[in-house]
Structures are given as C-alpha cells and as structure tokens.
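Biologist: Please take a close look at a single residue of this model and then follow the chain outward from there. I would like to know what surrounds that residue and how the parts around it are put together.

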Amino acid sequence: NIEEALKDVGGALMVKQACDLLCMPYDEMKARLDERSILFYEVPEMYGEGEILIPAFQFQGTFHIPSFHEVWDILINGCATPRVCQFFTHETLVENGRSIRDVLCANPTDDELMAIKQKAEAFAEEFMRQAFEKEES
C-alpha cells in the first residue's frame, strides 16, 4: 500500500503538518491542493470526508524538489498517485543507483534530467498499457 511504500522516504503529512513544514497558511495550502500543485492522496473514512495526506518526499526544506513539477506533469497523465510516488522514490536511472528523487535533489545535469523525463514517459506509458490490458480482460 502507499503508506508502506512512503515509510522509508519521509512518510505522509497531514495537511496541518505540511502547512507547518512549508511555512504556508492553511488557505494557501487548500488552494494549492485544489489546483493540484501539491501531490496528495485521500484515505477514505467510513463516514464523511476522507483524510488528505501529502507525501513528504516531494519537498526539500520548504520547497518542492528541483524539477518535481516537470516530471510529475509527465506522470500525472497516466499514473495514479501510488505509481507517481513509486516512480520518484523507488525507480532509478541505473540499476542499484540513486532514486529519481535523490537524483533530482542533487540538481541533475541536463542529460540526467532528460533521461529522467524519458523514463517517466516510458513509466506512464507502461502503466497505461497495463491498465488497458486489465480492462480488456
């Protein structure tokens, strides 16, 4: 599950925790969640509204990791939030290398960023292909 996958990369923050981390008023956080400029997922409650959780890996200090939105924009078209999280935190450019998140945090070269974007495109296409095949069967 997504919580387990995020455990080793900072876990997930409740909205108030994210506001505190980013030094952001609640109204601004709410607006950023509404416009989907912050990656989040909702944990359904049995009754009423679910809890919004924000994966911590997307931040470095009080900002998004470098180039986060460029890569997320590629993934968002085909991948659900758990797959987006998996891409940033568990995928690597080379076998047994640093995670995509770690490469981005280290200010990648133009070639590394291009390779990350190409990998994101392939990742999203594979996810969409699998989803399509699942629907067909």
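Modeller: In this predicted model, Lys119 is partly exposed, with a relative accessibility of 27%. That label applies because the value falls between the 20% under which a residue is buried and the 50% over which a residue is exposed. Lys119 is located in helix H7. Leaving aside neighbours within four places in sequence, Lys119 is in contact with Phe87, Glu91, Thr92, Leu93 and Ile100. Val71 is 48 residues away from Lys119 in sequence, yet their C-alpha atoms are 9.6 Å apart in space.

Val71 leads into the interior. When its neighbours within four places in sequence are left aside, Val71 has contacts with Phe87, Phe88, Leu104, Ile116 and Ala120. Phe87 is thus named twice, as a contact of Lys119 and as a contact of Val71. Val71 is also among the residues with the most contacts inside the largest nonpolar core, together with Leu75, Phe87, Phe88 and Leu104. That core has 26 residues. At least two of its residues come from each of helix H1 (2-6), helix H4 (68-75), H5, helix H6 (100-105) and helix H7 (110-136). In soluble globular proteins, nonpolar side chains tend to be buried together.

Aromatic rings come next. A pair of such rings is described by the distance of the centres and the angle of the planes. The structure holds six aromatic pairs. In one of them, Phe57 and Phe88 are 5.6 Å apart centre to centre, with 35° between the planes, and the pair is tilted. Phe57 belongs to the loop between strand S3 (51-55) and strand S4 (59-60), while Phe88 belongs to helix H5, so the pair ties together parts 31 residues apart in sequence. Phe57 and Phe88 are both buried. Ring pairs also join Phe57, Phe68, Trp72, Phe87, Phe88 and Phe123 into a cluster.

Helix H5, where Phe88 sits, covers residues 81-90, and Thr81 is part of it. Thr81 is buried because its relative accessibility is 19%, under the 20% limit. Beyond the four nearest places in sequence, Thr81 touches Ile2, Leu39, Phe40 and Tyr41. Gly78 is in the loop between H4 and H5. Gly78 is likewise buried, at 16% relative accessibility. Not counting residues up to four places away, Gly78 touches Phe127 and Met128. Its C-alpha atom is 21 Å from that of Arg32, and 46 residues separate the two along the chain.

Phe40, which Thr81 touches, brings up a further group of residues. Go back for a moment to the largest nonpolar core, with its 26 residues. Apart from that core lies another one of 13 residues, among them Val15, Leu22, Leu33 and Phe40.

Two helices can be followed from these names. The axes of helix H2 (residues 15-22) and helix H3 (residues 26-34) come within 10 Å and cross at roughly 110°. H2 is therefore roughly perpendicular to H3. On the H2 side the contact is made by Val15, Ala18, Cys19 and Leu22, and on the H3 side by Tyr26, Met29 and Leu33. By class, this contact of H2 with H3 has seven nonpolar residues, no polar ones and no charged ones.

Ala18 of H2 is also touched by Leu13, a residue of strand S1 (residues 12-14). Leu13 counts as buried, with 14% relative accessibility. With residues up to four places away left out, the contacts of Leu13 are Ala18, Leu21, Ile52, Leu53, Ile54 and Ala56. One of these, Ile54, is 41 residues from Leu13 along the chain, and the C-alpha atoms of the two are separated by 5.0 Å.

Two backbone angles remain. Most residues other than glycine have a negative phi, and most peptide bonds are trans. Arg36 is not a glycine, but has a positive phi of about 60°. Arg36 is in the loop between H3 and strand S2 (41-43) and is exposed, with a relative accessible area of 55%. Ser67 is not a glycine either, and its phi is positive, at about 65°. Ser67 lies in the loop between strand S5 (63-64) and H4.

Methods: Residues numbered from 1 in each chain as written. Predicted model: local features only at pLDDT ≥ 70, side-chain atom pairs only at ≥ 80, totals over all residues. Heavy atoms only, no water. Helix = DSSP H or I, 4+ residues; strand = E, 2+ residues; numbered from the N terminus. Buried < 20%, exposed > 50% of the residue type's maximum accessible area, 1.4 Å probe, protein only. Contact = heavy atoms within 4.5 Å. Core = buried A, V, L, I, M, F, W, Y, C linked by side-chain atoms within 4.5 Å. Axes fitted to C-alpha atoms, helices over the stretch in contact; angles between N-to-C directions. Parallel < 35°, antiparallel > 145°, perpendicular 65-115°, else oblique. Nonpolar A, V, L, I, M, F, W, Y, C, P; charged D, E, K, R; others polar. Phe/Tyr/Trp six-rings, centres within 6.5 Å; stacked < 30°, edge-to-face > 60°.
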